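Open the model in your viewer and keep the sequence panel beside it. The stops below say what to select and what can be seen there.

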Amino acid sequence: MTANRLENLWDDARAASMSESERLLYRSNLLGSDKRVTNYGGGNTSAKVMETDPLTGEQVEVLWVKGSGGDIGSMEMDGFSTLYMDKLHALKGKYRGLAHEDEMVAYLPHCTFALNPRPASIDTPLHAYVPKKHVDHVHSDAIIAIAASVNSKDLTSEIFGDDIGWLPWKKPGYELGLWLEKLAVENPGMRGAVLESHGLFTWADDAKDCYLTTLEIINTAAAWLEARSTAPAFGGPARPTLDAPERREVAARLMPVIRGLISKDRHKVGHFDDQPAVLEFVGSTMLQTLAPMGTSCPDHFLRTKIRPLVVDFDPAAPDLDTTLAALPQAVANYRNDYAAYYDRCKKPDSPALRDPNAVVYLIPGVGMITFALDKPTARVSAEFYVNAINVMRGASAVSTYQGLPEQEAFDIEYWLLEEAKLQRMPKPKSLAGRVALVTGGAGGIGAATAERFLREGACVMLADIDKGALATAHDGLAKGFGADVVRAVQMNVTDEAQVATAYAQTAVEFGGIDILVSNAGIASSAPVEETTLALWNRNMDILSTGYFLVSREAFRTFRAQDIGGSVIFVASKNGLAASPNASAYCTAKAAEIHLARCLALEGAEGGIRVNVVNPDAVLRGSRIWEGEWLDQRASTYGTDKGGLEEMYRQRSLLKRSVLPEDIAEGAYFFASDLSAKSTGNILNVDAGNVQAFTR
């Protein structure tokens, strides 16, 4: 455990002008800002506040409590449910016992204050019935390490005496709320309780006091664990740890293969984590003992599944080819074990078997890989398993760790209320779970295409040779769509090693790739007698060889995944229609188009589609149209810079300008399932040019 203590961040001056509900939000955000207190989406907070009833005008007591699915670290005022306390107390008369637990959740909307649309969580009774104004519930690693020990009751008493109570494991719900109420009422001096295999509840009649109590209890537990954690963690190392570049190299090879094996029905996105806590665990003597036991805290379990899959890899004598060859059987075995777990534990009304694939993959000497339907969930799942690792470390140091009993774990995972929550999830976007690499990603067409893909739920790796422009494009897209889903890599498409490195980085960041948009480009203009060999070769290197190199690496990843893929070449009208004073450019663009045809033939049997979008005269936002090319084309057509766009517009059949967003729309069509039955096609997005009509 870390020697650092949680600091008191409460600012009296700032809190002084706040209402009681605003102080609740302030307290919640402070607690949620530190992962040592609780992880993303974990825990909840509440306050009982006197409010004016909107109907009667009378003062009534209202419970403000974090609503279902929120996160105390990032939530705002609309993240709280508000419920009449008198109606919550009236619910006690409706309770018919454990067999009818779930029906109590259906009564909660009848207790809503001021028509608040935020649904109340299953933990609402635990906050409502504690006879104190303020209640915190958090999942601190230090506390759960104690709660997940086989003798957690004795440890709680030893550490806290009568100050903090203890309750045995009980699935969250109404009955647990009544248990907590009874404990608090019968022990008025208690300031909180440890819930076995679950977490911590603390309470007070003042918002600041409640906050400080939570910090104090967590710090006390952390100090107690540290003082007794003198032996090597997890029994000490059993296998060596590879150095950082080697770890990433192994992850880059493993992740696309695993991703392909588990994405046959729906695409997954990966996350790699090799922080010290993970490396300590995956290389330890106790890995094979602790990993199959799974996690203890319900929040940890829901994010990480019944248990992880430990990949058979020996960092002392690495044989990656053998490990890769064994992965299909390892994944199949996990699925079979999961199905058997489902069959052992299912009940007549249990929801149908869900995705039987592992979420967490542990690789000795390398780290941890997590997969989920989107990148933020994959990252958060990894964070939760790191919490579980910290819990196992602490519990194993002072006692014996215990996970949730299998039936209890199943009852949470396949809880009908949890199933109802899943059914309310919005329909996934059209590119959800897909990963795209966009070359020339810092330019007008590349950036517009990346933005279009991100809007549809894809993850995007921007690749560009221009480091400054790449950083600007990345920062803008990350600000708009979140840092999780966009990455950037500096890459020269003519450099074979840089291309391979970019794909390896994409695999480590997202798990693999589904879409390549080959868009990096240049343009040149010169009469043929003035076209130097250097100019000719530069066009061929970037527009022909570069497209070959990035496509070849994409095919290699697609083959490893075996779930298909889509390659989109951004070529040009000039690949079909000759243009004066541009022989090098036109020839290279024609080579692109024919390469796409060849790749469409080769990729079809593997579900790899290859198509072309042909722009014309996309001036706005394009870095190609800066500098010499703009001057050269203006000279060729006898106009100035300002008149060139108008000239191109008037030259088109539709008399319209072509924008980067128009090309992005064409790329999106070929990337999405809208074109699932299309390959080897050319889509002209040029406002109409009869010379470029395909025949």
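Select D466, which sits in the loop that links strand 13 to helix 19. The model is a predicted one. With 32% relative accessibility, D466 falls in the partly exposed class, because that class lies between the buried limit of under 20% and the exposed limit of over 50%. Now add G468 to the selection: the side chain of D466 comes to 3.2 Å from the backbone nitrogen of G468. Through this side-chain oxygen, D466 caps the N-terminal end of helix 19. Add Q490 as well. D466 and Q490 are 24 residues apart in sequence, and their C-alpha atoms are 7.1 Å apart in space.

Next, select residues 467-481, which form helix 19. This helix has 15 residues, and the distance from its first C-alpha to its last is 21 Å, close to the 21 Å expected at 1.5 Å a residue. Which residues of helix 19 are buried? They are L470, A473, L477 and A478. These residues lie on the same side of helix 19, because they cover an arc of only 130° around the axis. Show what surrounds that side: the buried residues pack against helix 18 (444-455), strand 13 (459-464) and strand 14 (486-490). Then turn helix 19 over. The face turned away from the buried side carries T472 and K479, which are exposed. Just past the helix comes G482, with a positive phi near 105°.

Move to strand 12, residues 435-439. Is this strand mostly covered or mostly open? It is mostly covered, with five of its five residues buried. Look at each face in turn: V435, L437 and T439 are buried on one side, and A436 and V438 are buried on the other.

Keep strand 12 selected and show strand 13 with it. The two strands run parallel and are joined by five bridges. To find one place where they meet, pick V438 and look across to L462 in strand 13. Strand 12 also pairs with strand 15 (residues 515-518), again in parallel, through three bridges. Here A436 has I515 in strand 15 as its bridge partner.

Now bring helix 18 into view with strands 12 and 13. Together, strand 12, helix 18 and strand 13 make a right-handed β-α-β unit. Within helix 18, select T449. Its relative accessibility is 1%, so T449 counts as buried. Leaving aside residues up to four places away in sequence, T449 touches V517, A664 and A667.

For the last stop, go to helix 2, residues 20-32. Helix 2 has 13 residues and reaches 18 Å from first to last C-alpha, close to the 18 Å expected at 1.5 Å a residue. How many of the 13 residues of helix 2 are buried? The count is 10, so the helix is largely enclosed by the rest of the structure. Colour the buried residues to see them along the helix: S21, R23, L24, L25, Y26, R27, S28, L30, L31 and G32. Then show what covers them, which includes helix 1 (12-16), helix 9 (207-228) and four strands: strand 1 (44-52), strand 2 (59-66), strand 3 (80-84) and strand 4 (134-138).

Technical notes
Residues numbered from 1 in each chain as written. Predicted model: local features only at pLDDT ≥ 70, side-chain atom pairs only at ≥ 80, totals over all residues. Heavy atoms only, no water. Expected span 1.5 Å × (residues − 1). Buried < 20%, exposed > 50% of the residue type's maximum accessible area, 1.4 Å probe, protein only. Arc of directions from axis to C-beta. Contact = heavy atoms within 4.5 Å. Polar contact = N/O pair within 3.5 Å; in protein donor to acceptor, adjacent residues only side chain to side chain. Pairing = 2+ DSSP bridges. Right-handed = clockwise from strand over helix to strand, strands pointing away.
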